[in-house]
Amino acid sequence: VIETQRISARQIFFVIWAATYGGGVYYACLIISKAGRDIFFSYITGGIILILMGLAVWHLSKSFPGYTIIQILEQHAGGITGTIFAVIYIFISIALVALLIRLVTGLVGAFFLINTPGWFPILMILLLALYIAAKGIEVQTRLFVMVMPVLVSLWFITTSIGFINNQFDFSNLLPIFESSPAQLISGGYLFIAPVCESILALLLFTASLRNPSQSRGSIIMALAMGAVIISMATDFITIGMLGVELASRVSYHGLNITLIVSVGEFIQGIEVLLLVALEVGAIIKATIHIYCAWMTASHLLNDRFRRAILAAIGIIAYIATISIDSFNRAFFYYRILSEYVVFPFVALTLILTLILVAAGNKKRNYLG
Amino acid sequence: MNLFGLLKSLFHKSTDSGTVMPSQKEAITVGKSVDENLRLVKDIIRDDDSLTAGKVTIRGGELTAGVVYLNGLVDQDSISRQIVERLVECPPGGASQNDFRPKGYLEALKKGLITNLAIKETFLIEELTCAILDGNTAVFLEGVDTALIIDTAEFAKRAVEKPDVETSLLGSKESFVEDIKTNKVLLRRRLPIPGLRFRSFRIGRLSRTRVYVAWLEGIANPKIVEEAFRRIGRIDIDYVYSTGLIIELIEDNPLSIWPQYKTTEVPEVAAANLSEGRIAIFCDGFPQAIVVPLLIFQELQTTDDYGQKFLTGSMIRMLRYLAVFIAMLASPLYLAFVAYNHTVIPSDLASHIAAGRKGVPFPSVLEVLFMTVVIDILREAGIKLPRALGSAIGILGAVVIGQAAVAAGYVSPPVIIIISVTAIATFVIPSYPLSGAIRVANYLLVFLAAVSGFFGVIIGSLFLLTQIIALRSFGIPLSYPATTGFISSLRDILVRAPIRGNKKRPELLAHGNETRMGQSAAKPDQGNRKRGGRR
């Protein structure tokens, strides 16, 4: 009866929040290795740029409600340019799915399913992500609304147990102001590269906003809270528990923290709870990128063969995932993709679209 | 065949079975001869010795009337007093000569000679026979080609009793019965306002079961009401043998394990749901109301929650959530931790479990599955057996079989504990459909835990959660309002909110009329404080 494939401003908040937690979870060690204990300043620098990008997306979606940013670019730059950007967007999305699933199944294989063949958890995660993506944008956002607070709470509850048992050491966080501006900028870029995957998702999801003009607060809040504040809190605990030296050398911080955390003889093995956060987070993130790739590809093919396209995306992602043979290789590829492809692509798309839209408006005003 | 009959024969529906349905016959009309009409009715309802058809002579043979009814379905006293006596005692005082011509006499009968206000006139034999089969009495008059149908239905029915399934400590002790008219009265007594609307349907080519849709005009979303009419109107089936049949034919996704409707046997619950903007569907012959749209969290709320202090009610509601968690996840988690993720279990506990499992020849998954199946069989046996015997069999069966299985070394004691706790937890869930769905989900999760440990349990749980979130009940998301993203929407979901906090009805249900409580429903001590201040 009430059939609206639209999402509210409040729900886009959770979409951004969910889209933020991708490879960045594994990537923080690199930022710490660059910026050291001053990582928080890198987050603030990167966060400002991220919020500016979010505002650019919001401005475009407000001006062209119901259109994705790629479609807006297509309208202003012509079909060929739009198609090229759309194809790159699809490939980036599928690559992110493959790498992220490989990262999380690498951890799962190493810590939880030692004797299970690697293809099995990959298949399970991918099938579930495809199932959720196929249910449509409303179901996805409703799921994110329910799941995201639980995931973040799980991370903080499990890791914060270290405070109870004095495993957190404040001296690990000091001294600050020891990194150079170049290191901070470098750290800021390393931070923004993976978290701008949320902007990548936003390029598509804003087209489904019910009231784009009223969503500015939600977008800013989600980027500030989901990306910046929670990342800062996470690394506060990480550095406090592990120390900056160890934290800059291991990629799965949360798991390392939970492995060392215990209270008495009864509370132990809480890494299993963190597995929930990592696994569900990866499924959610894979769902978002599969949906982005699916919708963009469907648009390219004039909304024909939708189910076949989804199946094809699933098969490509599966083949790509099992062809990456280890966690370390996935981590390396992920870094290359984030730093040299995702961020430049998002930045270029936004800048080009903004310029073309502004030029179009100017021309229209000139012609009266 | 008249024009009406011709049109009807063109548009009537055929059946696959080849059985000739009453609707498939040509539309036969009432004739002017009483004898012929009585013969026709006897011919249609043949071989039924409870059919009573007789003639009454009026004014010494000036007029003849035929009276037909089915014994056992009617109130004989009413027929005698309201119909036969009135026909025989004719003429009434002040009657004109016109009143004794056949047509005029029929009008006089309708206008007051027969002291029953529920009178209908028909010219169709089919409609007439259907009415007789429903417990009405038909009256023919010689020389008139229409007949009167008078409501005299009265048959043995169960009295209003205490609810069997939805037992309550503090709530109402009345429950619906099989008679739909009584159920209407029970609802009307709780909502004595003109806005309570009923629309009647007939479902079932053979059973012709009467179905009522009830809603509160001005509160229920008109789109949902219209949708209910549309879905019920399109049901075309031969026999209605259960409310579950109607549910399956009208729900949004019949293949899903999760319920998309609420059934209640308590009029109080039905009325409360109507007051929130939902609709209730009653089916003649069944002592439940189907309430739609369902919001899944509503299935974990009971009237008892609101009969207690809000903190007590909240605690009990949270216990219910815990029971859902245990019923669905206790056995899969045990399996995952024992078979895959040992590190979670503290070493002392792990050694106890290992000691219990010593000598058990089966893998943990078989132990869990075996005991789950045994408990489910005992549960079903308990339902089918007489009440006293059923509970005894359930408890004794579980204890005896469990003890015997442990003593024989087939099952370890921790499994007995886990499965027993799981079974008890399912009884805490107030909704039987939800409890059934959780049992099915439990089997799925046990399988996934056996295949891939805790990883599989997470995958399965997320899959089930997505299923619930994707479902709609009459267009309203089942997970509404928890998935709107507003913390305030969780107010009366996770806990039982104070009554004064629930000033609004759910927006999607009561579209445009959400306010359920006036501003004057402020804290009770405010008025006293003001008065105190004046003094």
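Select B:Arg208 to start: in this predicted model, B:Arg208 is partly exposed, with a relative accessible area of 24%. You will find B:Arg208 in the loop between β6 (196-203) and β7 (209-216) of chain B. Look at the backbone here, since phi of B:Arg208 is near 45°, a positive value in a residue other than glycine.

**A second positive phi, in chain A**

Now jump to A:Asn302, another non-glycine residue with a positive phi, near 55°. A:Asn302 belongs to the loop between α13 and α14 (306-323) of chain A. Is A:Asn302 buried or exposed? With 59% relative accessibility, A:Asn302 counts as exposed, because the cut-off for that class is over 50%.

While you are in chain A, select A:Ser208, in the loop between α9 (197-205) and α10 (216-242). A:Ser208 is buried, at a relative accessible area of 12%. Which residues does A:Ser208 touch, leaving aside those up to four places away in sequence? Show A:Gln5, A:Arg6, A:Ile7 and A:Ile137 to see them.

**The interface**

Next, colour the two chains separately and turn to where they meet. Here 37 residues of chain A are in contact with 39 residues of chain B. Together the two chains bury about 3,300 Å², and 72% of that area is on carbon and sulfur atoms.

How many salt bridges are there between chain A and chain B? The count is one. To see it, select A:Glu138 and B:Arg472, whose side chains meet with N to O at 2.7 Å. On the chain A side of the interface, α1 (9-20), α6 (119-134), α7 (137-164) and α13 (271-300) each supply at least two of the residues that touch chain B. Sorted by class, this side of chain A has 24 nonpolar, five polar and eight charged residues. Across the interface, four residue pairs are in polar contact, counting those with both residues at pLDDT 80 or more.

**Chain B as a whole**

Hide chain A for a moment and take in chain B. Its secondary structure comprises 17 helices and 12 strands. Of the 535 residues in chain B, 47% count as buried. The chain exposes about 26,200 Å², with carbon and sulfur atoms supplying 60% of that area. Among contacts in chain B with a separation of 6 or more, 66% are between residues 24 or more positions apart.

**Salt bridges inside chain B**

A search of the whole structure finds 37 salt bridges over all chains, and three stops in chain B follow.

- Select B:Arg190 and B:Glu268: this salt bridge brings its closest N and O atoms to 3.1 Å apart. It links distant parts of the chain, with B:Arg190 in helix α6 (residues 180-190), B:Glu268 in helix α9 (residues 267-275), and their positions 78 residues apart. B:Glu268 is partly exposed, at a relative accessible area of 33%.
- Move on to B:Glu299 and B:Lys262, whose side chains form a salt bridge at 3.3 Å, N to O. B:Glu299 lies in the loop between β10 (289-292) and α10 (303-307), while B:Lys262 lies in strand β8 (residues 262-264), 37 residues apart. B:Glu299 is buried, with a relative accessible area of 2%, and B:Lys262 is buried too, with 9%. Then add B:Glu174 and B:Arg189 to your earlier selection: salt bridges with shared partners join B:Glu174, B:Arg189, B:Arg190 and B:Glu268 into one network.
- Finally, show B:Arg46 and B:Asp43, a salt bridge with its closest N and O atoms 3.8 Å apart. B:Arg46 counts as exposed, at 54% relative accessibility, whereas B:Asp43 counts as partly exposed, at 38%.

**Two cis peptide bonds**

Stay with the loop between β10 and α10 of chain B, where B:Pro293 lies. The peptide bond from B:Val292 to B:Pro293 is cis, with omega near -10°. Then go to the loop between β12 and α17, which holds B:Pro481. A cis peptide bond joins B:Tyr480 and B:Pro481, with omega about 0°.

**Last stop: B:Lys503**

The loop between β12 (476-477) and α17 (524-534) of chain B also contains B:Lys503. B:Lys503 is partly exposed, with a relative accessible area of 25%. Beyond residues up to four places away in sequence, B:Lys503 touches B:Glu514, B:Thr515, B:Arg516, B:Met517 and B:Gln519. Draw a C-alpha to C-alpha distance from B:Lys503 to B:Thr515: they are 12 residues apart in sequence and 6.0 Å apart in space.

Conventions
Residues are numbered from 1 along each chain as its sequence is written. Chains are lettered from A and ligands numbered from 1 in the order in which they are written. This is a predicted model: local features need pLDDT of at least 70, side-chain atom pairs count only at pLDDT 80 or more; totals for chains, interfaces and linings use all residues. Side-chain values use heavy atoms; hydrogens and water are left out. Helices (H or I, at least four residues) and strands (E, at least two) are DSSP runs, numbered from the N terminus. Buried means under 20% relative accessible area, exposed over 50%, partly exposed in between (1.4 Å probe, protein chains only). Contact means heavy atoms within 4.5 Å. Accessible areas come from the Shrake-Rupley method with a 1.4 Å probe; for residues, only the protein chains shown count as cover. Buried area is the accessible area (1.4 Å probe) that two parts lose on being put together, summed over both. A salt bridge is a side-chain nitrogen of Lys or Arg within 4 Å of a carboxyl oxygen of Asp or Glu. A polar contact is a pair of N or O atoms within 3.5 Å; within protein, one must be able to donate a hydrogen and the other to accept it, and residues adjacent in sequence count only if both atoms are side-chain atoms. Ala, Val, Leu, Ile, Met, Phe, Trp, Tyr, Cys and Pro count as nonpolar, Asp, Glu, Lys and Arg as charged, and the others, Gly among them, as polar.
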